[in-house]
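Visitor: I would like to go through this model with you, one point at a time. Please give the reasoning before each answer.

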Amino acid sequence: YRMDTPSPATDALTFGSVFHKLVLEPRYFSREFLIAPEINRRTTAGKEQYATMVAMAEAGRRTVIEQDLYDLAAAMRDSLLKNRYARLLLDGAQVERSFFWTDEITGTKCKCRPDAINIIGGTAYIIDLKSCLHATPRAFRQDAVAYGYPLQTAMCREGVRRATGLDCRFIFACVEKSAPHFVALYEADELFLRYGEDQMRELL
């Protein structure tokens, strides 16, 4: 149903895209997003000016965002990159690469797109960025169940393994949306990985 009737982009999805782009591919930010200038949209002229700007941006395949949304995403990026472990994981990483494969048992065509992949000291890592309300262990466990993180982990690890032969450890880099934008890094443990693999196999 989702493939036949794709849902429109929500504010949360847009924010996530802005945050990811600022962290992973900042040099391409202006290609995909346009920060709206100060326009009084309470007036007829202001509404028309804003509508024209949005139409022009969309024609160039760019999304218009508000300044405060950009400022929040930038503050979260800055907090993340101040964390020395997050910076180490992301420095020199390969970002936003898609992997395609066919499941050997079912013949199902599969795809994954990890946020970042890096090899540090001979160990391969997949790093996944998460913006969240709370980055505490308890809140992360709840989000992991609610949003299907184990399945996502299994798909990404399988796609990368099939394409590169790398058996990756998986790190979630979580950043809180509220100041001071607390950062927490969590690694998927063996139980988490097995659970995700079981989910993936059952769904396939």
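Guide: The model is a predicted one, and the questions below take up its sheet, its cores and a few single residues.

Visitor: In what order do the five strands of the open sheet stand?

Guide: The sheet is open and its pairing is mixed. Strand E3 (94-95) and E9 each have a single partner strand, so they stand at the edges, with one side of each left without a neighbour in the sheet. The order across the sheet is E3-E6-E7-E8-E9.

Visitor: In which sense do E6 and E7 pair, parallel or antiparallel?

Guide: Strand E6 covers residues 116-120 and shares five bridges with E7. Isoleucine 120 stands opposite threonine 123 in E7. The sense of the E6 and E7 pairing is antiparallel.

Visitor: Which residue takes a positive phi in the hairpin of E6 and E7?

Guide: This hairpin has two residues between the strands. The phi in question is near 60°, and the residue that takes it is glycine 121.

Visitor: Over how many bridges do E7 and E8 pair?

Guide: Isoleucine 127 stands opposite isoleucine 171 in E8. Cysteine 132 has glutamate 176 of E8 as its bridge partner. E7 and E8 run in the parallel sense, and their bridges number eight.

Visitor: How many residues of E8 are buried?

Guide: Its neighbour E7 is mostly covered, with eight of its ten residues buried. E8 is largely enclosed by the rest of the structure, because its buried residues number seven of eight.

Visitor: Which residue in the turn between E8 and E9 has a positive phi?

Guide: E8 and E9 pair in the antiparallel sense over five bridges, and valine 175 stands opposite valine 183 in E9. The hairpin they form has six residues between the strands. In that turn, the residue with a positive phi of about 60° is histidine 181.

Visitor: Which element gives the largest share of the largest nonpolar core?

Guide: The largest nonpolar core has 26 residues, and those with the most contacts inside it are Ile126, Phe140, Phe172 and Cys174. Elements giving two or more residues to this core include strand E7 (123-132), helix H6 (137-146), helix H7 (149-164) and strand E8 (169-176). The largest share is five residues, and the element that gives it is H7.

Visitor: How many residues are in the other core, the one with Phe15 and Leu80?

Guide: This core lies apart from the largest one. Val18 and Ala86 are also among its members. Its residue count is 25.

Visitor: What distance separates the end C-alpha atoms of H7?

Guide: H7 has 16 residues, and at 1.5 Å a residue it should span 22 Å. Its buried residues include Tyr149, Ala154, Met155 and Val160. The distance between the end C-alpha atoms agrees with the expected span: 22 Å.

Visitor: Which residue takes a positive phi just after H7?

Guide: The phi there is about 80°. The residue that takes it is glycine 165.

Visitor: How many aromatic pairs are there?

Guide: Ring pairs link Phe140, Tyr147, Tyr149, Phe170, Phe172, Tyr186 and Phe192 into a cluster. Of these, Phe140 and Tyr186 also touch cysteine 174. The count of aromatic pairs is nine.

Visitor: Is arginine 77 buried or exposed?

Guide: Arginine 77 lies in helix H4 (residues 67-82). Leaving aside neighbours within four places in sequence, arginine 77 is in contact with Phe19, Leu22 and Val23. Its side chain makes a polar contact with the side chain of aspartate 78 at 3.0 Å. With buried meaning under 20%, the relative accessible area of 18% makes arginine 77 buried.

Visitor: With which side chain does the side chain of lysine 21 make a polar contact?

Guide: Lysine 21 is found in helix H1 (residues 11-24) and is buried, with a relative accessible area of 9%. Beyond its neighbours within four places in sequence, lysine 21 is in contact with Pro26, Tyr28, Phe29, Glu32 and Phe33. The polar contact, at 2.8 Å, is with the side chain of glutamate 32.

Methods. Residues are numbered from 1 along each chain as its sequence is written. This is a predicted model: local features need pLDDT of at least 70, side-chain atom pairs count only at pLDDT 80 or more; totals for chains, interfaces and linings use all residues. Side-chain values use heavy atoms; hydrogens and water are left out. A nonpolar core is a set of buried Ala, Val, Leu, Ile, Met, Phe, Trp, Tyr and Cys residues joined through side-chain atoms within 4.5 Å. Buried means under 20% relative accessible area, exposed over 50%, partly exposed in between (1.4 Å probe, protein chains only). Helices (H or I, at least four residues) and strands (E, at least two) are DSSP runs, numbered from the N terminus. Contact means heavy atoms within 4.5 Å. Two strands pair if DSSP finds at least two bridges between them. Rings of Phe, Tyr and Trp (its six-membered ring) pair if their centres lie within 6.5 Å; planes under 30 degrees apart count as stacked, over 60 as edge-to-face and the rest as tilted. A polar contact is a pair of N or O atoms within 3.5 Å; within protein, one must be able to donate a hydrogen and the other to accept it, and residues adjacent in sequence count only if both atoms are side-chain atoms. The expected span of a helix is 1.5 Å times one less than its number of residues.
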